[in-house]
Amino acid sequence: MTSAVIVGGGPNGLAAALHLARNDVDVTVLEAADTVGGGARSGELTLPGVIHDHCSAFHPLAVGSPFWRDVGLEQYGLVWRWPEIDCAHPLDSGEAGLLYQSIDETAAALGEDGRRWRLFFGDVASGFDDLSADLLRPIINIPRHPLRLAAFGPRALLPASAVARVFRTPRARGLFGGIAAHAFNRLDRPMTASLGMMIAASGHRYGWPVAEGGSGAIIDAVVSALRSYGVKIETGVRVSARTDIPDAELVLLDLSPEQALAIYGDEMPSRIARSYRRYRVGSSAFKVDYAIDGDIPWTNPDCGRAGTVHLGGTFDEVASTEASRAGGVMVPNPFVLLGQQYVADPTRSAGNVNPVYAYAHVPKGYEGDATDLVTQQIERFAPGFRDRILATRSTGTRQLHDYNANFAAGDIIGGANDGLQMLMRPRTALDPYWLGVDGVYLCSQSTPPGAGVHGLCGVNAATAALKRLERKR
């Protein structure tokens, strides 16, 4: 029987383990922390009984992941919950752009820009499953749906700033800008439209749900599935050298390229090792968790019905702050992503005490304390918010790295989303998962298709590993 060791028990490592186990491989997972889950953990970070997500929070790509749907995580206890409004983007005028799962409702809420929104995103949303079948795997492949890709490609290559000019109203431009800002990149760079388009389209196709009880419930379901296939999970096991890994025919690393290089660099072909050394860390996040009394007092009440609220003002302001951040400047009005998971999932609250999740985009490796800046940005669109705060917990870039070594310098997306690295990570290759060492593969979010609790980086790497092993035999 083929044996495999997975180093790192994040969502991708666990997905790789499950895919291998479903193909009759004897799998052991080694995780350095006391629990598996990586960025998809949750727990009491502020007050007793108030549940916060540690990193990942909203899961359009997870609920739509073809692998998780095939596994059927719901049969292992996972329950998805959807907010009434997926995303809101408030403006200082009191208006707000609103993203509903229904593209018709979104268009209606955008007024004169509704028709443009439907025209721009309608075909991407309706063909999302076909598009994702090609885009959520290595870019160098034979397209399964070439006509869909041909229609998507010209728009995807545009800067987000060019797409914003399609819309006439500040709320439509702001709504798209906040979604595009998930790329952690300047919005005037080529291809920054692509991620915004796919995230918006995934919302129209599947919505932006949360997992009941916290993102850790996704991992609980995956672990239940793994145990049903006999996968062994060992926690508290830190791997820092090749000798720390038991002998196995396959080794899959749910690690950053830097960590993989530290373990296998001496064995990797020089050209692949050079690619790993050149791999660029992305921008950083600064996270603040709040426990508040009651709800956030939004100026625009629709924001109170949204699971996610993007705080950045107009498109031009978001573009300006993202450009400054990319240039190493900590601005006083950073782009902030705020989560009100309890709106869809009240089990996370303790009576009238509700959890609020927020993180700001900050310069790479930022060492300061951005807590007040995040609070001010919320207060800007919700006067009186500060008075409702009962407790806070801040997690800076260094603490994010300490929490998860894959979050180098507070980079929670696994590498810079710009230039060729946005398309081909961690290196340009037909099989970007293989380290060039017999039986060893990278399966983290630093591989295609990138960040998200979809598990597909792990599944793609495991698929590549099985194919190469079959050819070898």
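**Pairs, burial and packing in a predicted model**

Me: What makes β12 and β13 a pair?
Reply: Four bridges join β12 and β13, in the antiparallel sense. Two strands pair if DSSP finds at least two bridges between them. Four bridges meet that mark, so the two strands count as paired. One of the facing positions is V309, which stands opposite L338 in β13.

Me: What lies behind these values?
Reply: The model is predicted: local features need pLDDT of at least 70, and side-chain atom pairs count only at pLDDT 80 or more, while totals for chains, interfaces and linings use all residues. Residues are numbered from 1 along each chain as its sequence is written, and side-chain values use heavy atoms, leaving out hydrogens and water.

Me: How do you know how many helices and strands the protein chain has?
Reply: Helices (H or I, at least four residues) and strands (E, at least two) are DSSP runs, numbered from the N terminus. By that rule the protein chain has 18 helices and 16 strands.

Me: Why is the protein chain called as compact as a globular protein of its length?
Reply: The radius of gyration, taken over C-alpha atoms, is set against a globule rule of 2.2 Å times the number of residues to the power 0.38. For 473 residues the rule gives 23 Å; the protein chain has 21 Å, which is close, so the label holds. Along its principal axes the C-alpha trace spans about 65 × 50 × 45 Å.

Me: What makes β12 mostly covered?
Reply: Buried means under 20% relative accessible area, exposed over 50%, partly exposed in between (1.4 Å probe, protein chains only). Six of the six residues in β12 are buried. Across the protein chain, buried residues make up 62% of the 473.

Me: How do you know that β6 and β12 run parallel or antiparallel?
Reply: Three bridges join β6 to β12, and the two run parallel. Within this pair, C87 has T308 in β12 as its bridge partner.

Me: What makes the pairing of the seven strands mixed or uniform?
Reply: The order is β7-β6-β12-β13-β14-β11-β15 in an open sheet, and the pairing is mixed. β6 and β12 are parallel, while β12 and β13 are antiparallel. β11 (residues 284–293) and β15 also run antiparallel, over six bridges. K287 stands opposite T395 in β15.

Me: Why are β7 and β15 called edge strands?
Reply: β7 (96–99) and β15 (389–395) each pair on one side only. The twist averages 20° from one strand to the next.

Me: How do you know that helix α9 packs on the sheet?
Reply: Contact means heavy atoms within 4.5 Å. Helix α9 (residues 170–180) touches β6 (85–90), β7 and β12 (306–311). Its direction makes about 60° with that of β7. Axes are lines fitted to C-alpha atoms, for helices over the stretch in contact, and angles run from 0 to 180 degrees between N-to-C directions. Helix α15 (residues 371–381) lies across strands including β11 and β14, at about 60° to β11.

Me: Why is the ring pair of Y290 and F385 called edge-to-face?
Reply: Rings of Phe, Tyr and Trp (its six-membered ring) pair if their centres lie within 6.5 Å; planes under 30 degrees apart count as stacked, over 60 as edge-to-face and the rest as tilted. The centres of Y290 and F385 are 5.1 Å apart and their planes stand at 80°, so the pair is edge-to-face. Y290 sits in strand β11, F385 in the loop between α15 and β15, 95 residues apart. Both residues are buried.

Me: What makes Y357 and Y359 an aromatic pair?
Reply: Their centres lie 6.1 Å apart and their planes 80°, so the pair passes the distance limit and is edge-to-face. Y357 is buried at a relative accessible area of 5%. Y359 is buried at 9%.

Me: Why does L91 count as buried or exposed?
Reply: L91 has 7% relative accessibility, so it counts as buried. L91 lies in the loop between β6 and β7. Leaving aside neighbours within four places in sequence, its contacts include P170, R171 and T314. The C-alpha atoms of L91 and T314 are separated by 6.5 Å, although the residues are 223 apart along the chain.
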